[in-house]
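Trainee: Could you take me through one part of this model up close? I'd like to hear how the pieces there sit together.

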Amino acid sequence: MTVPVQTRALPAVPPRFEAAVVGAGAAGLAAALALARDGVATALVGRHAPVADGRTVALLDGSVRLLAALGAWAEIAPHAAPLAEMHLIDDTGSLFRPPPARFSATEIGLDAFGRNVESARLVETLRRQARTTPGLTLFEADSTGMQTGPDAAILTLTDGRSLAAQLVVAADGGRSPLRQAAGLRTREWSYPQAALTTLLAHERPHRDVSTEFHTRNGPFTLVPLPGGHRSSLVWVTGERAAKRLSGLDDAALAAAVEHQARSMLGAMRIDGPRGLVPMRGLSVASPVGERLALIGEAAHVFPPIGAQGLNLGLRDAAALRDAVLSAREAGRDPGTAAALAGFARGRGIDARLRGAAVDMLNRSLLTDLVPVDALRGLGLVVLSSIAPLRRLVMREGVQPRLGAPRLMR
């Protein structure tokens, strides 16, 4: 009699990568593309969920350079509007109200400070690029956890699969599960404001000028969109006022926007969906953990002021690519603390400086203390009148010169 031989199935060996990026938003996609572009075996983990319409992002010059290096900019460019000038108008009613300040990109040798594009188009373009990039493997499922080992981390996914990577990149948002699981310390805060966002059509051309009114409740910003007669709106105001505005019908909201903008662009029409964004901030003590690097909103959250949030996240992505390539060149494991030390130091400094500037501007508008108003007004006058200082501030605002990632230079 033949006795059947019973065999036990061996556990499947998870596929192994040098880097696994968790999060399929703009920062995560850029990081995955930047790594794969240079031959790093990379996994991109995350569902490609629809992106909410009605939000735009002002991509500063360094971010445009990065997207061009990734091969994505040619598809985005026809749908982006140049930001050739920035006008700042003090509308606080302060006794020390300075004259409007005007900043032109030509002063620093650029045709534009950056380009404004709808967020959905940016993300969808990067996703199409990711699907055809050699060396980039897509896992369109969420991560359920991460377990670190001596030479790799194991990621488990909602669909039952798993994968191993020397370095895990958390681009999984402001509530980052990977950051929380790693126990990385954070500091969070909020403001008594909210930001109303929408798209507008208007009677007069914007002439590629971004205009920001500094009001006592926060900045009111109109940013150009393609076509000359469309702009995106970010209206930061008190929470109650923002909710009231978001509840108005289109005609009433358009009239309120036109009034707040002093009719500078003529009659307004709501030309897209609305969003209501909470005004909050988050910072981390360190953007790295065991075999883990944080980028984008997993590492820092900014209120929608000054176009800093996503641009900082894209710098994170480009800087991480530099750190991984440097580790490879030195024959080192890219997931070790030593390989990530420079990335942690540089990104921490950049995020703290940008965060402090945004926080200081916003809080200075919310107070009616005379000395604060005087200092803010004096600062704008000095910037307007001293050309070398103005050019220095513009350059640093567009792209920090010290430690700029290679793909952004």
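Mentor: Here is a look at one helix pair and then at a cavity. This is a predicted model, where local features need pLDDT of at least 70 and side-chain atom pairs count only at pLDDT 80 or more, while totals for chains, interfaces and linings use all residues. Residues are numbered from 1 along each chain as its sequence is written, and side-chain values use heavy atoms, with hydrogens and water left out.

Helix α8 (residues 309–329) packs against helix α9 (residues 337–366) at about 165 degrees, their axes 9 Å apart (axes are lines fitted to C-alpha atoms, for helices over the stretch in contact, and angles run from 0 to 180 degrees between N-to-C directions). That makes α8 roughly antiparallel to α9, a label for angles over 145 degrees. On the α8 side, the residues that meet α9 include Leu312, Arg315 and Asp316; among those meeting them from α9 are Phe343, Arg347 and Asp350 (contact means heavy atoms within 4.5 Å). By class, the residues of this contact are nine nonpolar, no polar and five charged.

Now follow α9 to the cavity. The structure holds one cavity of 30 Å³ or more, and the largest has a volume of about 30 Å³ (a cavity is a set of points on a 1 Å grid where a 1.4 Å probe fits but cannot get out; lining residues have an atom within 4 Å of a point). Its lining is Trp189, Tyr191, Phe302, Pro303, Gly355, Val358 and Asp359. The largest share of that lining, three residues, comes from α9. By class, the lining has five nonpolar, one polar and one charged residues.

Notes: Helix = DSSP H or I, 4+ residues; strand = E, 2+ residues; numbered from the N terminus. Parallel < 35°, antiparallel > 145°, perpendicular 65-115°, else oblique. Nonpolar A, V, L, I, M, F, W, Y, C, P; charged D, E, K, R; others polar. 1 Å grid on protein atoms, 1.4 Å probe; cavity = no way out; pocket = protein on both sides within 12 Å on 5 of 7 lines; lining within 4 Å. Points joined across faces, edges and corners; volume = space filled by probe spheres on them.
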